[in-house]
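User: I would like a close look at a single helix in this model, with the cut-offs behind each term. Please add what is needed to judge how far the model can be read.

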Amino acid sequence: MSDLESVISNSTDVREVKRAVAVKMVEEGLKSVNACKVLKVSAAFVSKWKIVYENKGAECLRSGYKGSKGYLSKSQKVEIIKYLEKQEHLSVEELRDYIEKNYGILYKSKQSYYDLLNAGGFSWHKSQKKNPGKDWEKVLLKREEIKKNKRA
């Protein structure tokens, strides 16, 4: 029973806690139907995790998913972000080519490139930090004109 308590008190994953609580309720004599109502889960959920606990122990109630290892190391990501910070503008395709040339990595999804652009201060919607066509003198003149028209 202390193994269940350990999962309940030490886990940060709600799914793991719910599994352990369901098993504990049944182990302490609560009917499966009542455990289902309290936890808002199905009878199959309670039955499945009780069997897993009985056969393999409390550690098997924990989630097995750990994610995959990233293609780039932390130091490589830092290098790419430094590179991005030096750029005035950069497209997703240009970033993809840079990473493939220098690191030999080609991501399947563009999301990885968007995340890197975001970390480097770019928006993936518009991969320029500033609008090169904006004439600040014209903008200031237009603002003054708008202020004069409001006063009149």
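Analyst: What follows looks at helix α3 and then at some salt bridges.

This is a predicted model, in which local features need pLDDT of at least 70, side-chain atom pairs count only at pLDDT 80 or more, and totals for chains, interfaces and linings use all residues. Residues are numbered from 1 along each chain as its sequence is written, and side-chain values use heavy atoms, with hydrogens and water left out.

The chain averages a pLDDT (the predictor's confidence in each residue, from 0 to 100) of 86, and 89% of the residues score at least 70.

Helix α3 spans residues 32-39; helices are DSSP runs of H or I with at least four residues, numbered from the N terminus. Within α3, A35, C36 and L39 are buried, where buried means under 20% relative accessible area, exposed over 50%, and partly exposed in between (1.4 Å probe, protein chains only). These three cover an arc of only 100° around the axis, which puts them on the same side of α3; the arc is that of the directions from the helix axis to the C-beta atoms. V33, K37 and V38, on the other side of α3, are exposed. The cover over the buried residues of α3 includes α2 (14-27) and α4 (43-56). After α3 comes K40, with a positive phi near 60°.

Helix α2 also takes part in a salt bridge (a side-chain nitrogen of Lys or Arg within 4 Å of a carboxyl oxygen of Asp or Glu): K24 meets E5 at 2.0 Å, N to O. This pair links K24 in α2 to E5 in helix α1 (residues 2-10), 19 residues apart. K24 is buried at 18% relative accessible area, while E5 is partly exposed at 33%.

Conventions. Helices (H or I, at least four residues) and strands (E, at least two) are DSSP runs, numbered from the N terminus. Contact means heavy atoms within 4.5 Å.
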